[in-house]
Amino acid sequence: YSVIATTINMASTGTTISATNNGMELWAFTVAVNNSSSETRNATFKSITLRQNGNADLVNLGNIILERNGSVVSTNASINGRDLTFSVNDTILDGVTATYYVKAVVNDVDQTVDTYNFSVRNTSDINIVEATTAFRTTVNFTASVFGVYSVNGGDITFTRTSSSLATSVAPGTTNVTLMQGTMRSNGIVNVENP
């Protein structure tokens with residue numbers, strides 16, 4: 001019995017973006033199902049572990065998702081140091097090439113420019129099985145390191161504390177905190193009447 005083969009390829013060369021409150025693309029890749037048998041065999045993409053080789057810390061990301069064709073296929077990303085793992089469970093039909101996008105909200109930029117440069121280190125970091133037999137497919141990838149995504153931060157950044165984002169206060173209450181957060185500067189600044 002010969003299992004089907006799957007191939008992982010880069011789908012983006014990277015880009016430079018500015019930090020926003022919206023989710024942004026941080027990686028893109030394709031998974032192609034290559035079936036040499038005469039019968040139809042679909043694949044189930046179960047999980048993938050990516051290594052962050054850039055200078056940014058993964059804890060600066062929020063709302064990390066994996067998306068395919070505009071549909072979210074994974075919202076349960078787990079961070080372990082510099083490793084980012086997705087549990088997926090997405091079906092890829094025989095002969096189809098699926099494009100996946102890693103998207104996240106960049107909550108903080110530690111340097112003037114933070115970089116995200118993900119890689120697949122080992123074929124064992126990708127788990128794709130045949131849909132009907134659950135046999136693990138042969139996984140190939142031609143480029144282990146994918147595009148660099150650079151996120152520009154501001155010279156001055158202000159990060160609001162999440163507990164201060166929504167406050168209900170009774171009329172006449174005194175000493176109310178309207179907003180609380182952390183201001184960070186990449187240089188010397190003089191702040192007057194913030």
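Buried means under 20% relative accessible area, exposed means over 50%, and partly exposed lies in between. The exercises below use these classes on a predicted model.

**Exercise 1. Classify the two partners of the salt bridge between Asp83 and Arg121, and place them in the chain.**

Step 1. Take Arg121. Its relative accessibility is 44%, so Arg121 counts as partly exposed.

Step 2. Take Asp83. Its relative accessible area is 15%, so Asp83 is buried.

Step 3. Check the contact. The N to O distance between the two side chains is 3.4 Å. A salt bridge requires a side-chain nitrogen of Lys or Arg within 4 Å of a carboxyl oxygen of Asp or Glu. The pair therefore qualifies as a salt bridge.

Step 4. Place the residues. Asp83 belongs to strand E8 (residues 83–92). Arg121 sits in the loop between strand E11 (118–119) and E12. The pair links distant parts of the chain, 38 residues apart.

**Exercise 2. Trace the salt-bridge network that contains Arg41.**

Step 1. Start with the total. The structure holds 6 salt bridges.

Step 2. Find the partners of Arg41. One is Glu39, with the closest N and O atoms 3.0 Å apart. Another is Glu130, where the closest N and O atoms are 3.4 Å apart.

Step 3. Add the chain positions. Arg41 lies in the loop between E3 and E4, and Glu130 lies in strand E12 (residues 126–130), so this bridge ties together parts that are 89 residues apart in sequence.

Step 4. Classify each member. Glu39 is partly exposed, because its relative accessible area is 44%. Arg41 is buried, at 8%. Glu130 is buried too, at 1%.

Step 5. Join the bridges. Glu39, Arg41 and Glu130 are linked in a network.

**Exercise 3. Work out the geometry of the ring pairs made by Phe45.**

Step 1. Recall what is needed. A pair of aromatic rings is described by the distance of the centres and the angle of the planes.

Step 2. Count the pairs. The structure holds 7 aromatic pairs.

Step 3. Take Phe29 and Phe45. Their centres are 6.3 Å apart, and their planes meet at 90°. Planes over 60 degrees apart count as edge-to-face. The pair is edge-to-face.

Step 4. Place this pair. Phe29 is in strand E3 (residues 24–34) and Phe45 in strand E4 (residues 43–52). They are 16 residues apart, so the pair links distant parts of the chain.

Step 5. Take Phe45 and Tyr100. Here the centres are 5.1 Å apart and the planes stand at 75°, so this pair is edge-to-face. It links strand E4 to Tyr100 in strand E9 (residues 97–106), across 55 residues.

Step 6. Classify the rings. Phe29 is buried, at 0% relative accessibility. Phe45 is buried at 0%. Tyr100 is buried, with a relative accessible area of 0%.

Step 7. Widen the view. Ring pairs link Trp27, Phe29, Phe45, Tyr100, Tyr116 and Phe118 into a cluster.

**Exercise 4. Decide which residue's charge lies over the face of Tyr101.**

Step 1. Find the residue over the ring. It is Lys103.

Step 2. Give the distance. Lys103 is 5.9 Å from the ring centre of Tyr101.

Step 3. Apply the cut-off. NZ of Lys must be within 6 Å of the ring centre. The distance of 5.9 Å fits.

**Exercise 5. Find where the positive phi values of Asn69 and Ala134 lie.**

Step 1. Set the background. Most residues other than glycine have a negative phi.

Step 2. Take Asn69. Its phi is near 50°. Asn69 lies in the loop between strand E5 (61–68) and strand E6 (71–74). Its relative accessible area is 63%, so Asn69 is exposed.

Step 3. Take Ala134. Its phi is near 65°. Ala134 lies in the loop between E12 and strand E13 (138–141). Its relative accessibility is 53%, so Ala134 counts as exposed.

**Exercise 6. Describe the nonpolar surface patch that includes Val169.**

Step 1. List the members. They are Val169, Val176, Leu178 and Met179.

Step 2. Give the area. The patch covers about 380 Å².

Step 3. Place Val169. It is in the loop between strand E15 (156–160) and strand E16 (181–185).

Step 4. Test the exposure. Patch residues need over 30% relative accessible area. Val169 has 40% relative accessibility and so counts as partly exposed.

Key: Residues are numbered from 1 along each chain as its sequence is written. This is a predicted model: local features need pLDDT of at least 70, side-chain atom pairs count only at pLDDT 80 or more; totals for chains, interfaces and linings use all residues. Side-chain values use heavy atoms; hydrogens and water are left out. Patches are made of residues with over 30% relative accessible area and no salt bridge: like charges are joined within 9 Å, nonpolar side chains (Val, Leu, Ile, Met, Phe, Trp, Tyr) within 5 Å. Accessible areas come from the Shrake-Rupley method with a 1.4 Å probe; for residues, only the protein chains shown count as cover. Helices (H or I, at least four residues) and strands (E, at least two) are DSSP runs, numbered from the N terminus. Buried means under 20% relative accessible area, exposed over 50%, partly exposed in between (1.4 Å probe, protein chains only). Rings of Phe, Tyr and Trp (its six-membered ring) pair if their centres lie within 6.5 Å; planes under 30 degrees apart count as stacked, over 60 as edge-to-face and the rest as tilted. A charge sits over a ring if NZ of Lys or CZ of Arg is within 6 Å of the ring centre and within 35 degrees of the ring normal.
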